[in-house]
Amino acid sequence: MMSRWLPVILILGALTLPAAADSKASPEDEAGIRAAALDYMESYYEGNGERMERALHPHLAKRIARTDASGKTRLDQMSALELVQIIRTGSGKNIPKEKQIKNVTILDVYDNMATVRAEMLEWIDYMHLAKMNGQWKIVNVLWQLKPKPQ
């Protein structure tokens, strides 16, 4: 009995979903999101802690799931302060400009939040950003190292 009503229920449910246009970012928001992601990425290649700090919310959580040789996975985390300190060491400055990758893909924007995929030479980040007092700030990053070329 229920199976004959299932198509009607699915159609009615689909009609109540918000339209995709509701999550369309304004050109200003898109530029701000992209600028924050590029500040994050380029600060690594420049060793510029101030630029990294500008991109981050002070309560940033940057996480990676690492699997050890025994097959156990743990979640490692760093804070905004730890990330800025790492950037200041200049570890990315030794990567030649022609090898630097800075691909930013805005995956979704809704109101004051956005999701971005950022690809760099050695890893990929998925970022959540929030619009705070008119400025886009990175609040969460989940990242993964790319496999080393053989």
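# A tour of the sheet and its salt bridges

Select Thr115 first: its bridge partner in strand S5 is His128. Keep in mind that this is a predicted model.

**Stop 1: S4 and S5.** Widen the selection to residues 123-132, which make up S5. S4 pairs with S5 in the antiparallel sense, over seven bridges. The two strands form a hairpin, with two residues between them. Now pick Glu119. Which residue of S5 stands opposite Glu119? Ile124 does.

**Stop 2: back to S3.** Add residues 102-110 for strand S3 and residues 113-120 for S4. How many bridges link S3 and S4? There are eight, and the pairing is antiparallel. To check the register, select Thr105: its bridge partner in S4 is Arg117. S3 and S4 also form a hairpin with two residues between them. Zoom in on Asp111 in that turn, where phi is positive, at about 55°.

**Stop 3: the whole sheet.** Show all the strands now. Six of them form an open sheet, in the order S2-S1-S6-S5-S4-S3. The pairing is mixed. Which strands lie at the edges? They are S2 (73-79) and S3, each of which pairs on one side only. On average, neighbouring strands of this sheet are turned by 20° against each other, direction ignored.

**Stop 4: helices across the sheet.** Select residues 27-46, helix H2. H2 lies across S1 (56-67), S3, S4, S5 and S6 (135-145). Against S3, H2 runs at about 145°. Next, select residues 80-88, helix H4. Which strands does H4 lie across? S1 and S2, with H4 running at about 80° to S2.

**Stop 5: a salt bridge on S4.** Turn on side chains. A search of the whole structure finds 13 salt bridges. Return to Glu119, which forms one of them with Arg117. Their closest N and O atoms are 3.7 Å apart. Arg117 is partly exposed, with a relative accessible area of 24%.

**Stop 6: from H4 to H3.** Go to Arg88 and Glu53. These two form a salt bridge, the closest N and O atoms being 3.6 Å apart. Arg88 lies in H4 and Glu53 in helix H3 (residues 49-55), so the pair ties together parts that are 35 residues apart in sequence. Is this pair buried or partly exposed? Arg88 is partly exposed, at 43% relative accessibility. Glu53 is partly exposed too, with a relative accessible area of 46%.

**Stop 7: a buried pair.** Select Arg51 and Glu42. Their side chains meet in a salt bridge, at 2.4 Å from N to O. Arg51 counts as buried because its relative accessible area is 16%, and the cut-off is under 20%. Glu42 is buried as well, with a relative accessible area of 18%.

**Last stop: the network.** Which residues do salt bridges with shared partners join into one network? Select Asp39, Glu42, Glu46, Arg51, Arg54 and Lys102 to see them together. The pair from the previous stop, Arg51 and Glu42, belongs to this network.

Definitions and conventions: Residues are numbered from 1 along each chain as its sequence is written. This is a predicted model: local features need pLDDT of at least 70, side-chain atom pairs count only at pLDDT 80 or more; totals for chains, interfaces and linings use all residues. Side-chain values use heavy atoms; hydrogens and water are left out. Two strands pair if DSSP finds at least two bridges between them. Helices (H or I, at least four residues) and strands (E, at least two) are DSSP runs, numbered from the N terminus. Axes are lines fitted to C-alpha atoms, for helices over the stretch in contact, and angles run from 0 to 180 degrees between N-to-C directions. Contact means heavy atoms within 4.5 Å. A salt bridge is a side-chain nitrogen of Lys or Arg within 4 Å of a carboxyl oxygen of Asp or Glu. Buried means under 20% relative accessible area, exposed over 50%, partly exposed in between (1.4 Å probe, protein chains only).
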